[in-house]
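Biologist: I've got a new model open and I'd like to find my way around it. Could we go through it together, one question at a time?

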Amino acid sequence: MITFLLCLAALIAAYFTYGKYLERQAGTDPSRPTPCKRMADGVDYIEMPRWRVFLIQLLNIAGTGPIFGAILGACFGPVAFLWITLGGIFFGAMHDYLSGMMILRADGKSLPEVLGLYLGSPVRTAVRWFSIVLMVLVGAVFLLSPAQLLTTLVSGVSVSTWVWIILAYYILATVLPVDKVIGKCYPVFGAALVLMALSLLGVVLFEGYHVPELSFHNYQPDPEAVPIIPTLFITIACGAISGFHATQSPMMARCVGNEKECRSVFYGSMISESVIALIWAAIAMAFFGGIPELSSALAANDNNPAWAVDAISRTTLGHFGAILAILGVVAAPITSGDTAFRSARLIISDMFGIDQKPLWKRFAVCLPLFVIGYLITLVNFDIVWRYFAWSNQTLAVFTLWAIYVWQRRRGKNIWVPLIPAVVMTYIVTSFVFISGQFIGLGPVWPAYASAAVVTLGITALMLRRS
């Protein structure tokens, strides 16, 4: 329990300390007009109050990542607490805040366009298509995972039926102006997500559960097949760092009314997500009586974290927990899924200069994306999740290197993004060499060595470029 409490305190303190430092690094200027004041269009550039923008951003980035990922990551053991905390503070929240400020200063352009300003046209082109693929993967993951959870909560309705219902909602939320569905519904769902996390925190603290202390032991049934480095760093993505977040930031960068609000909107929402992930990792380890027991329970239920969410919520919070599960754990991925498709629409429209004011043009851009997203839901969820998680972290690598160039050009502290950029480059590269989904060299040491060589080469190229 001491490890958990220290990590929780560190995350909260970081918002007021490291977050303030990053605000100075970004050169925040409250007198500089934000994009929504200069480019209002009634569709995407619409000013909204800070509390609303914060809750929307939190739901945009949260999804099932800090919940499902934290539960699966808890199977590695208490080392998950360390990655969520240090990753959330120095990797994820820094990534979200500084990339958010970069995007804000670029008039809220989509992420690939902003990365192209700092990493060049070839990277812009690659990231455009990479981001679209990731957005569709995110949309598919966040179609299927809430559908699975709703099936456990509402008997008699199949997963495929829920998928079609959620997909219909996605179409509306993606094509309508941002203040119609997203601006009105998200704050309610965001409040439910926060309330659910606080309720489970109370369960962890006051219901006599034992939360294990920090250990670097890998509790996976086959630790050689899934080593902590890099697998834990890929499994717990959204709770520590996520490239998907930077694809969501343009939406809120087009709605924030003052640069001083960005620390709470971008850094604060990521810290909040890390807190949610920390709580879910703790309750997952404690609820089932230990980490091996958690792994066994998941294995007996097809390694489906939605089952674990349902079991934990119903048992610890009763009917209240079931309601919170619907509003929080179901709404969070749905609201991330629709904004993933919306982000894909913005990326494509920026790529081809498509005017987004006419409704039919928005629908025409989105329709093929919805079709592909639905087809992906027919693939095994575990396979989709692995590719989504790796793609997610790989996009974060591109963004971290762009932040490094941005910092260097402005004469700011380059170590803030450089260390996370190098570490995450190594993580995603080593996963390629270790995972059977990619190259899969087998023994970890050849994979580690190969990843180190590639990482050194990429680092040298980026240092020379900047």
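Biologist: Let's begin in the middle. Apart from its neighbours within four places in sequence, which residues is Tyr267 in contact with?

Modeller: Keep in mind that this is a predicted model. Tyr267, together with Trp280, has the most contacts inside the largest nonpolar core. Leaving out neighbours within four places in sequence, Tyr267 is in contact with Ala14, Tyr15, Tyr18, Gly19, Leu22, Ile89, Ala93, Met94, Tyr97 and Cys262.

Biologist: Okay, and which helix gives the largest share of that core?

Modeller: The largest nonpolar core has 159 residues. Of these, 19 come from one helix, the largest share, and that helix is H13, residues 262-287.

Biologist: Which residues does the second, separate core include?

Modeller: This one has 5 residues. Among them are Phe433, Ile434, Ala447 and Tyr448.

Biologist: Zooming out, how many helices and strands does the protein chain have?

Modeller: The C-alpha trace spans about 55 × 50 × 40 Å along its principal axes. As for what the chain is built from, the count is 19 helices and 0 strands.

Biologist: What radius of gyration does the chain have, set against a compact globule?

Modeller: The chain has 466 residues, so a compact globule would come out near 23 Å. The value for this chain agrees with that: 21 Å.

Biologist: What percentage of contacts join residues at least 24 apart?

Modeller: Here we take contacts between residues at least 6 apart in sequence. Leu294 gives a feel for such pairs: its C-alpha is 6.7 Å from that of Cys75, although they are 219 residues apart along the chain. For the protein chain, the share joining residues at least 24 apart is 84%.

Biologist: Staying with Leu294, is it buried or exposed?

Modeller: Leu294 sits in helix H14, residues 291-299. Beyond four places in sequence, its contacts are Ile71, Ala74, Cys75, Ala284, Met285 and Phe288. Buried means under 20% relative accessible area. Leu294 has 0%, so it counts as buried.

Biologist: How far apart in space are Phe76 and Ser215, C-alpha to C-alpha?

Modeller: Phe76 lies in the loop between helix H5 (65-74) and helix H6 (79-105), and it is buried, with a relative accessible area of 1%. Not counting residues up to four places away, it touches ten-odd places you can click through, including His217, Val226, Ile228 and Thr235. Phe76 and Ser215 are 139 residues apart in sequence, and in space 9.9 Å.

Biologist: Some of those belong to helix H11. Why is H11 called largely enclosed?

Modeller: Helix H11 covers residues 228-235. Ile228, Pro230, Thr231, Leu232, Phe233, Ile234 and Thr235 are buried there. That makes 7 of 8 residues buried, so H11 is largely enclosed by the rest of the structure.

Biologist: What kind of peptide bond joins Ile229 and Pro230?

Modeller: Most peptide bonds are trans. Pro230 lies in helix H11. Between Ile229 and Pro230, omega is about 10°, and the bond is cis.

Biologist: Last one: what is phi of Asp107 near?

Modeller: Most residues other than glycine have a negative phi. Asp107 lies in the loop between H6 and helix H7 (111-119), and it is partly exposed, with a relative accessible area of 22%. Its phi is positive, near 65°.

Technical notes: Residues are numbered from 1 along each chain as its sequence is written. This is a predicted model: local features need pLDDT of at least 70, side-chain atom pairs count only at pLDDT 80 or more; totals for chains, interfaces and linings use all residues. Side-chain values use heavy atoms; hydrogens and water are left out. A nonpolar core is a set of buried Ala, Val, Leu, Ile, Met, Phe, Trp, Tyr and Cys residues joined through side-chain atoms within 4.5 Å. Buried means under 20% relative accessible area, exposed over 50%, partly exposed in between (1.4 Å probe, protein chains only). Helices (H or I, at least four residues) and strands (E, at least two) are DSSP runs, numbered from the N terminus. Contact means heavy atoms within 4.5 Å. The radius of gyration is taken over C-alpha atoms; the globule rule is 2.2 Å times the number of residues to the power 0.38.
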